[in-house]
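Me: Got a minute to go through this model with me? I'd like to start with one of the loops and then jump around a bit.

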Amino acid sequence: MLKTNLFSLRGKLRLFAEPFVRRAAERAEGPEGPEGPEGPEGVKEASDRDESVLAFVTRRFGPEAARRAAAPALIGVYAGDAATLSMRAALPRLAAMEREHGSVLRALLRRRGAPGLGKAISFPDGLGELPRALAAGFRGERVNARAISIEPIAPAIDGRRWRVGTEPGPTIEVERLILATPAAASAALLDPHAPHAASALRAIRHAPVAVVCLGFRGGGDLGMDLDAYGFVAARGEGLQLLGCQYDSSVFPGRAPVGGVLLRALLGGAFDPALVDADDDIISGQAIGDLRRAAGLRRDPDFVDVWRARPGIPQYDLDHGARARTVDAAIARLPGLFVIGNALRGVGLVDCIRAASDLTASFGA
Ligand SMILES: Cc1cc2nc3c(=O)[nH]c(=O)nc-3n(C[C@H](O)[C@H](O)[C@H](O)COP(=O)(O)OP(=O)(O)OC[C@H]3O[C@@H](n4cnc5c(N)ncnc54)[C@H](O)[C@@H]3O)c2cc1C
């Protein structure tokens, strides 16, 4: 942090003054007049309400840290805009650090060495190993079909409380039904039984993402410093590229010996229409931006474009209220549960945690 040229000296001083900035509620209730390094502006906007990630980071760490660190980080996780994403929903742990410790930096220093700030992980054969292992380890009956309808069985027969219609496939009767489908699919299934939950799920915006995989055979300098995880690009730098992960630098075995695999991301909340463009346009943009931003000077030997639609859920300022609406409606339907990335975290770890917490609550 001290050595980086990402921030000006003034920006760094402001960043390290964070422990002296009073927490939102205190500041709202405190005496009038300039308080803390932010001055009167910060006092005016401080409150205990939810706020955007950009507003939170500006308030605590100053505008440079918000624009140059927080906003790009949010692009990396949500392909989203820090000015619209909710602090409490998108970064709940950081929001809690302010509430519980009065300072994010102080909380981070206290938890140094504690688990949870680990490095990126995957599987030797790629992330596809995870669903394959889950499928192989599943002990029940597996039906490879799309759920098209659900209906309660009332009164329950032999403990079975829900009937699921599938296409193509049989009708399944179960004791507990967990919808782990994307928000739109869950909304369609819930519509007849919990219309409020269905509308809340439908209201969650998604940001589509185009992923451009670029492969380079060994031999020949790419012109890029590949001793890195990759980068995310702040908006306003003249790049359409959201970021690029240097896959073969991060995970072993992702490219033949000496080769390089890069994974560039485009589109997102800033440019959703780009995801609908032809492969050549999207990959051309990725390659052009990598030349400009990272010094790439070779053409790739392999290009593949993959589109994530509807993409990554965006936890807007209304997200907490939407999640509570879903929870309240589902609580009235015994034996039915809804999880998935639209509700309690978009990261895989959050999705796994939500699923584990749910099954643990069954005593399974
Ligand atoms: C480009 C991109 C990069 C990402 N990178 C990372 C990363 O580096 N780290 C990280 O932690 N997270 C990352 N994520 C986020 C993470 O991958 C997702 O949030 C997570 O995989 C979502 O898991 P899920 O089980 O909720 O949904 P999904 O993985 O979308 O699973 C939903 C499943 O439901 C099935 N389905 C849909 N409709 C029906 C139906 N009617 N009946 C039955 N089944 C149905 C679908 O086929 C699908 O298999 C990334 C996301 C994207 C788009």
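Reply: Sure. Take D125 to begin with: it counts as exposed because it has just 9 C-beta neighbours inside 10 Å, and the cut-off for exposed is 12 or fewer. Keep in mind that this is a predicted model.

Me: Where does D125 sit?

Reply: D125 is in the loop between α8 (104–110) and α9 (129–137).

Me: And how far is D125 from D289 in space?

Reply: C-alpha to C-alpha, D125 and D289 are 29 Å apart, with their places 164 residues apart in sequence.

Me: OK, what about S249, why is that one partly exposed?

Reply: S249 has 19 C-beta neighbours inside 10 Å, so it counts as partly exposed. The buried class starts at 20. S249 belongs to helix α12 (residues 247–250).

Me: What does S249 touch, leaving aside its neighbours within four places in sequence?

Reply: Those contacts are L226, D227 and A228. R111, on the other hand, is 28 Å from S249 by C-alpha and 138 residues away in sequence.

Me: Switching to α4: is it mostly covered or open?

Reply: Mostly covered. Helix α4 covers residues 53–61, and 8 of its 9 residues are buried. The buried ones are V53, L54, F56, V57, T58, R59, R60 and F61.

Me: What comes just after α4?

Reply: G62, which has a positive phi of about 100 degrees.

Me: Now the sheet. What's the strand order?

Reply: The order is β1-β2-β3, an open sheet of 3 strands with antiparallel pairing. β1 (146–157) and β3 (171–174) are the edge strands, each pairing on one side only. On average, neighbouring strands are turned by 20 degrees against each other, ignoring direction.

Me: How many bridges are there between β1 and β2?

Reply: There are 7 bridges between β1 and β2 (residues 160–167), in the antiparallel sense. R146, for instance, has E167 in β2 as its bridge partner.

Me: And on the β3 side?

Reply: β2 and β3 run antiparallel and are joined by 4 bridges. W162 stands opposite V174 in β3. These two strands make a hairpin with 3 residues between them, and G169 in that turn has a positive phi of about 150 degrees.

Me: Zooming out, how is the chain divided into domains?

Reply: Into domain 1 (9–110), domain 2 (129–204 + 316–361) and domain 3 (206–313). The C-alpha centres of domain 2 and domain 3 are 33 Å apart.

Me: How many residues of domain 2 and domain 3 are in contact?

Reply: 6 residues of domain 2 are in contact with 4 of domain 3. On the domain 2 side, the residues that touch domain 3 are 5 nonpolar and 1 polar, with no charged ones.

Me: Last topic, the ligand. Which residues are closest to it?

Reply: A185, A308, N341, G347 and L348 are the closest of the 18 residues that surround the ligand. By class, the shell has 12 nonpolar, 5 polar and 1 charged.

Me: Which elements supply at least two residues of that shell?

Reply: β1, β5 (206–216), β9 (302–313) and α15 (348–361) each do. In domain terms, the shell draws at least three residues from each of domain 2 and domain 3.

Note on methods
Residues numbered from 1 in each chain as written. Predicted model: local features only at pLDDT ≥ 70, side-chain atom pairs only at ≥ 80, totals over all residues. Pairing = 2+ DSSP bridges. Axes fitted to C-alpha atoms, helices over the stretch in contact; angles between N-to-C directions. Near = placed C-beta within 6 Å. Nonpolar A, V, L, I, M, F, W, Y, C, P; charged D, E, K, R; others polar. Domains from an automatic or database assignment. Contact = placed C-beta atoms within 7 Å.
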